[in-house]
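Visitor: Please take me through one part of this structure in close detail. I would like the contact between the two chains, with the salt bridges and backbone details that go with a careful reading.

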Amino acid sequence: MTEHFKMDAPATDRRLDDMAQGLVGAPLDRPEGPLKVSGTATYADEWQVDGLAHGVLVRAPGNSGRVVLANRNAVARMDGVLAVIDDDRLLRNPAQGTANEAPIQGPHHAAYMGQLIAVVVAESFEQARHAAQSLEVTLEGGTLMPVDPTTAAVEPQESKNLDQGDLDAAMETAAHSVDAIYTTPSHSSTPMEPHASIATWEGDDLTLRGSYQMLKYNRNELADALGIHPDRVRILSPYVGGGFGSKLGLAPEAVAASIAAKQVGRPVSVALQRPQVFEATMRRSETSQRVRLAADAEGRLTGLGHDALVSNLPGETFAEPILQASHFLYAGANRRMSMDLARVHRLCAGSVRAPGEAVGVTALENAMDELAHEIGIDPVELRRRNIPEKDPESGKDYSSRRFREALDSGAEAFGWADRPGVKERREGEWLIGYGMASAARVNVLMESQARVTLLPDGRARVETDMTDIGTGTYAILGQIAGEMLGLPRDAVDVVLGDTALPPASGSGGSWGASSSGTSVYVACQAIRRQLAERLGGEEADLTLKDGSATFDNQTRPLAEILDGDEIVKLAHLQPGDTSDAVRQATFGAYFAEVAVHAASGETRVRRMHGSFAAGRILNAKTARSQCLGGMTFGIGMALTEELAFDPRDGHVANHNLAEYHIAVNADVPQLTVELLEERDDWANPMQAKGIGELGICGAAAAITNAIFNATGVRVRDYPATLDKVIAGM
Amino acid sequence: METQLTINGTQHKLDLDPRTTLLDALRHHLGLTGSKKGCDHGQCGACTVMVNGRRINSCLTLACMHDGDEVTTIEGIGQPDNLSPLQQAFVSEDGFQCGYCTPGQICSATAMLEEIANGWPSHVTGELDASAELTTEEISERMSGNLCRCSAYPNIVEAIRKAAGGGA
């Protein structure tokens, strides 16, 4: 029988605090760690499958016109080649996260340069690669389509617009104001593991060993793309080499491998080459953002405006949700916000780590820094003065919000009081500056299922199709089950990443830990009730610890109570009324020290600190690592990351890791992270909120604000490369 | 093309397409998938192995160029129940998240510590003829050929420092 749980009321009982095992929150090592550090964790393209053939994808050389494979017959006759495939079902671009159906399909017309329009299959990888490179692709009848979002046709996103009070009047009468435009370029998730799939058919049943973040959706997307029933599809993703949004939705290689395997009658592996990851997965949209702030003489906001222009391919509804946190982070009675979506023939825009806030909060936090400077008050104090009592648009209460504490505690930990004045501190050839920014990200709970089995020997097994993309799912689900069932961590096995298991929320939107974790929690609660029943008492009076149950002053091993039986509980979590009853979000603050070279404009991040409040922390070690990752994305965004598009045809000019500069080890100082103690009863019964993205939501602004403090130069056009900094010095 | 490789102490005689990279020889022909393919053109470091004791990007070299060479991969450094001190330190310091760059990081770090022990200077070493200290700056500089998109860098530095026995 399934245990249903709907999050309709705040979970004020805080049951996890009553548990005795002491696992939840503890900084435990990842249980799969020994496999990962020894190279024995099996990623998508590493399964040993008999008779495996290899497919290599081929790209469109332009952004419009009919695709012609001029020499396909000659290529088909090359050594080892098994097939040249341009099946109608190949994907134009990946599915958006949670799409649950196939994206636009069809390889016969190019929509963007780099679109994957054919797959060449051969006995060996070397043969397939050579044949794919030999395929001559031409485009007939095409003209160059618009690729520049600043001149392309624009669709206003009216449902996202807000006009409250009178922002124009507020700006006119403001004692202090800021009206500035910030631009951010496109970013690529570019996870270290390229997207890869091995497809194997047994009759009409397909097994796809892939690298995906949200398996229950991916299964439906793949089935829809192929035109088969989802019951025929099984996806395995026990280890995922990073995603950051790019593996949320089904990607082109999965469909190509599936079609190819069916056609050649053998398992086929298709992996994207690194340039294809840059050209044909998802980009974060570039943005142009106008931020207006109006304040009184004391720095209290009277108005806040945020207008954004983003872009996507024709036919795609996703529009980078820039304004998400602007709606609730700060006070200001007069508010106006708008979103425009430009239609361009660049690769598809979709989710890249923290869609919306990663770039939206960054621009807002730059504007706040400008306002603080204009007024002449401490940037931390400006934020403190503008923490609204209630949501400034809906009037709703916030759930938990330790924003002020994060600002104060972060400032203290960093040594913010020592902040120099603008252009005041110099060490030799280096100009030294401090900067800060707030962090904010919406919190979401999603439907999720898990099965927990308490085995006769007193061990437990957790099963769900949830994924661990480096986030720590294996660790935390074991900790939650161990805590609730009173078992040491190593007495709990966690099985993930298989659509044959109960469907979970998937990893994305920072909701994975709290959603999948809650389903495990609910299943364990049901097991506890059944144990209590066996002992003739109430669950509330049961203490479980170290594999034994204590009830009514008697302690007995679980194995003895179970007496050869096992207890199996399937739990089904659904979000409920608490999602809309209050404003739920996570908050924090970043502090950075930079050194900017006086002659070259080169910026080095010397120190960076983040203080974050995200409800109950489930594992202090893996949660901290998530924050390190987010902050490092912020360093990349601030200083180096930019997809460069050719202005003529929109192709990605820097489609590799030598030219698209993610932060390397030497770019990242020994970051420090503080996780504030918090419980959010409105979020879920564990009082935990998402933390996978909070670390990037404004981080880049702390660095560019520090550049201003060091040099007096405002770089409003990201990234703050040397040329832009030196131009202002 | 016949090629003889000694991999993790075991001799292998292979007959490979001459276009086969050392990385693909390991992954496709020997089932040694611990060495990862992150970019396949020498930009990310995920495929790092040691050839005759020195770290290289195995995607940037053809297997047939290594006839008679000794190759050490992550599988030869330690196994799940017999981890090297460096592997153990990566686990305890959380020097990885998704784990995909990790074997390359560990192979790279293993060789890097040897390079420091042998007195090789780096870009950030003050004096070319002085021995390098195991500072954060030295570790970060010498590990910058191994990208980690999850950004475990601070923990990777701590893991290396811990495994190397403290250091400055």
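Guide: What follows starts at the contact between the chains and then moves into chain A.

This is a predicted model, in which local features need pLDDT of at least 70, side-chain atom pairs count only at pLDDT 80 or more, and totals for chains, interfaces and linings use all residues. Residues are numbered from 1 along each chain as its sequence is written, chains are lettered from A and ligands numbered from 1 in the order in which they are written, and side-chain values use heavy atoms, with hydrogens and water left out.

Take the interface. Chain B brings 54 residues to the contact and chain A brings 59. Contact here means heavy atoms within 4.5 Å. Together the two chains bury about 4,500 Å², and 56% of that lies on carbon and sulfur atoms. Buried area is the accessible area (1.4 Å probe) that two parts lose on being put together, summed over both. On the chain B side, R19(B), Q97(B) and R149(B) supply 19% of the area buried against chain A, more than any other three residues.

Now the polar part. The rule finds 27 residue pairs in polar contact across the interface, both residues at pLDDT 80 or more. A polar contact is a pair of N or O atoms within 3.5 Å; within protein, one must be able to donate a hydrogen and the other to accept it, and residues adjacent in sequence count only if both atoms are side-chain atoms. Six helices of chain B, α1 (22-29), α2 (74-77), α3 (85-92), α4 (102-117), α5 (136-142) and α6 (153-163), each supply at least two residues of the side that touches chain A. The largest share, seven residues, comes from α6(B). Helices (H or I, at least four residues) and strands (E, at least two) are DSSP runs, numbered from the N terminus. By class, this side of chain B has 21 nonpolar, 20 polar and 13 charged residues. For these classes, Ala, Val, Leu, Ile, Met, Phe, Trp, Tyr, Cys and Pro count as nonpolar, Asp, Glu, Lys and Arg as charged, and the others, Gly among them, as polar.

Four salt bridges link chain B and chain A. A salt bridge is a side-chain nitrogen of Lys or Arg within 4 Å of a carboxyl oxygen of Asp or Glu. One of them joins E46(A) to K36(B), with the closest N and O atoms 2.9 Å apart.

R19(B) also has a partner in its own chain. Its side chain meets that of D17(B) in a salt bridge of 2.7 Å, N to O. R19(B) is partly exposed at 32% relative accessible area, and D17(B) is partly exposed at 23%. Buried means under 20% relative accessible area, exposed over 50%, and partly exposed in between (1.4 Å probe, protein chains only).

Over all chains the structure holds 68 salt bridges. In chain A, D168(A) pairs with R336(A), the closest N and O atoms being 3.2 Å apart. D168(A) lies in helix α4 (residues 167-173) and R336(A) in strand β18 (residues 334-343) of chain A, so the pair ties together parts 168 residues apart in sequence. D168(A), at 37% relative accessibility, is partly exposed. R336(A) is partly exposed as well, at 22%. Both belong to a salt-bridge network with D163(A), R292(A) and D307(A).

Another pair sits under cover. R383(A) and E365(A) meet in a salt bridge of 2.8 Å, N to O. R383(A) is in helix α9 (residues 379-385) and E365(A) in helix α8 (residues 357-375) of chain A, so this pair ties together parts 18 residues apart in sequence. R383(A) is buried at 0% relative accessible area, and E365(A) is buried at 0% too.

Next, a strand of chain A. In β5 (residues 116-122), seven of seven residues are buried. Strand β2 (residues 53-59) pairs with β5(A) in the antiparallel sense over six bridges, and V56(A) has V120(A) as its bridge partner. Strand β4 (residues 81-85) also pairs with β5(A) in the antiparallel sense, over four bridges. Two strands pair if DSSP finds at least two bridges between them.

Last, the backbone. Y718(A) and P719(A) are joined by a cis peptide bond, with omega about -5 degrees. P719(A) is in the loop between α16 (699-711) and α17 (722-728) of chain A. D552(A), not a glycine, has a positive phi of about 55 degrees. D552(A) is exposed, at 64% relative accessible area.
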